[in-house]
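Grab a pencil and open the viewer. Below is a short set of exercises, each followed by a worked solution.

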Amino acid sequence: MEAGVNFIDTAEAYHTEALVGKALAGMKRDQLVISTKKSYRKEISPALVRSGVETSLQQLQTDYIDIYNLHGVAAADYPMLRDEILPVFAQLRTEGKIRFIGVSEMFGEDKAHQMLLDSLPDDLWDVAMIGFNILNQTARQQIFPQTMAQNVAVQIMFAVRRALSQPEKLVAAVQELISVGQLDPAEIDLANPLGFVLEESDASSIVDAAYRFCRYEPGVHVVLSGTGDLAHLQANIASLCRPPLPEGVVQKLRHIFRNASAVTGQ
Ligand SMILES: NC(=O)c1ccc[n+]([C@@H]2O[C@H](COP(=O)([O-])OP(=O)(O)OC[C@H]3O[C@@H](n4cnc5c(N)ncnc54)[C@H](OP(=O)(O)O)[C@@H]3O)[C@@H](O)[C@H]2O)c1
């Protein structure tokens with residue numbers, strides 16, 4: 001909070017809500033946006049949503065949740081969730097226990113955003129958590145035009161993950177894209193795939209470039225940063241406050257990865 005962060009994302013499944021609640025106790029609640037997620041895979045029912053939200057409120061030490069997300073929704077489960085569970089989310093919003101209804105996609109298994117393609121036409125989400133990064137920019141064509149048209153707020157996950165924070169994972173991801181024909185090897189230096197970004201911009205690292213790439217994407221509202229390292233957190237806050245990468249570099253990244261959809265950056 002002191003460093004300027006006002007958005008916290010957690011989840012029932014992470015078992016971190018109580019820690020977040022403890023950390024935020026005494027902070028000015030109206031200056032914070034708290035997002036948490038309801039798991040549904042093992043078991044779900046309207047009663048479990050009601051008891052789940054009460055537990056989350058208690059653990060977070062608050063009387064409302066800003067964004068209550070359905071966690072990691074698979075396309076196959078969406079019709080059931082829409083018919084049986086989302087009406088309860090809407091009631092909770094009317095009651096003021098949650099402010100906005102959110103969804104996070106299962107990016108690893110749903111790299112082409114099928115669940116969002118199926119569900120966005122129903123216009124039930126206020127907020128969507130979407131996988132997007134330099135290596136998989138598919139949401140730009142498939143999803144962001146629709147979220148913008150429907151005024152659905154977008155949180156980005158996977159901005160960095162492992163492939164953009166570990167050089168050997170980046171090479172492996174690029175090799176995979178080449179092997180499935182989604183990246184032209186003539187357009188990239190396999191030994192140092194994103195070296196040109198550091199040469200042609202003021203980016204201090206690939207991680208810095210990766211957060212800034214997402215931050216200025218039209219249709220994006222929040223870029224999440226996941227870290228367990230205080231120095232990384234401080235660096236990432238600084239990255240998210242820096243200006244966009246030079247337009248030429250952004251266009252090059254858009255061009256090189258224009259057909260890339262096979263990797264998440266994991
Ligand atoms: N389906 C879902 O609902 C779902 C799935 C995945 C993630 N999420 C959400 O997405 C949010 C963001 O998580 P993410 O994993 O996508 O975050 P991310 O910011 O893309 O990646 C985090 C990874 O990058 C590393 N990293 C971060 N900053 C770094 C730095 N400055 N230098 C080097 N390495 C750095 C972290 O390791 P260190 O800890 O070492 O910094 C971690 O391995 C979370 O709030 C999570 O809830 C949701």
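**Exercise 1: the sheet**

What is the order of the strands in the open sheet, and is the pairing parallel or antiparallel? Then work out which strands stand at the edges.

Solution. Keep in mind that this is a predicted model.

- Step 1. Trace the sheet from one side to the other: it is open, has 7 strands, and runs β1-β2-β3-β4-β5-β6-β7. The pairing is parallel.
- Step 2. As background, strands in a sheet pair through backbone hydrogen bonds, in either a parallel or an antiparallel way.
- Step 3. Now go to the edges, where you find β1 (7–9) and β7 (222–223). Each has a single partner strand, so one side of each has no neighbour in the sheet.
- Step 4. Zoom in on one pair: β2 (residues 33–38) and β3 (residues 65–73) run parallel and share 4 bridges. For a concrete example, pick Ser35, whose bridge partner in β3 is Ile67.

**Exercise 2: around the ligand**

Find which residues come nearest to the ligand, then look at the polar contacts and the make-up of the shell.

Solution.

- Step 1. The ligand has 23 residues around it, and the nearest are Asp9, Arg161, Tyr211, Thr227 and His232.
- Step 2. Check distances, using 3.5 Å as the cut-off for a polar contact. Arg161 puts a polar side-chain atom 2.6 Å from a ligand oxygen, and for Tyr211 the corresponding distance to an oxygen atom of the ligand is 2.5 Å. A ligand nitrogen, in turn, sits 2.8 Å from a side-chain N or O atom of Asn236.
- Step 3. How much of the ligand is covered? On its own it has 900 Å² of accessible area, and the protein covers 78% of that.
- Step 4. Sort the shell by element: β4 (98–105), α9 (206–215) and α10 (230–241) each give at least two residues.
- Step 5. Sort the shell by class, and you get 9 nonpolar, 9 polar and 5 charged residues.

**Exercise 3: the second largest pocket**

Describe the second largest pocket by its space and its lining.

Solution.

- Step 1. The space in this pocket comes to about 180 Å³.
- Step 2. It is lined by 16 residues, with Gln166, Pro167, Leu170, Asn192 and Ile206 closest to the centre.
- Step 3. Helices α7 (167–179), α8 (195–199) and α9 each supply at least two lining residues. The top contributor is α7, with 3 residues.
- Step 4. By class, the lining splits into 11 nonpolar and 5 polar residues, with no charged ones.

**Exercise 4: positive phi**

Where are Gln61 and Asn151, and what is notable about their phi angles?

Solution.

- Step 1. Recall that most non-glycine residues have a negative phi.
- Step 2. Gln61 has a positive phi, near 55°, and belongs to the loop between α2 (46–60) and β3.
- Step 3. Asn151 also has a positive phi, near 60°, and is in the loop between α6 (144–149) and β6 (153–157).

How values were computed: Residues are numbered from 1 along each chain as its sequence is written. This is a predicted model: local features need pLDDT of at least 70, side-chain atom pairs count only at pLDDT 80 or more; totals for chains, interfaces and linings use all residues. Side-chain values use heavy atoms; hydrogens and water are left out. A residue is near a molecule or strand if one of its heavy atoms lies within 4 Å of it. A polar contact is a pair of N or O atoms within 3.5 Å; within protein, one must be able to donate a hydrogen and the other to accept it, and residues adjacent in sequence count only if both atoms are side-chain atoms. Accessible areas come from the Shrake-Rupley method with a 1.4 Å probe; for residues, only the protein chains shown count as cover. Ala, Val, Leu, Ile, Met, Phe, Trp, Tyr, Cys and Pro count as nonpolar, Asp, Glu, Lys and Arg as charged, and the others, Gly among them, as polar. On a 1 Å grid over the protein atoms alone, a cavity is a set of points where a 1.4 Å probe fits but cannot get out, and a pocket is an open set with protein on both sides within 12 Å along at least five of seven lines; lining residues have an atom within 4 Å of a point. Grid points are joined across faces, edges and corners, and a volume is the space filled by probe spheres set on the points. Two strands pair if DSSP finds at least two bridges between them.
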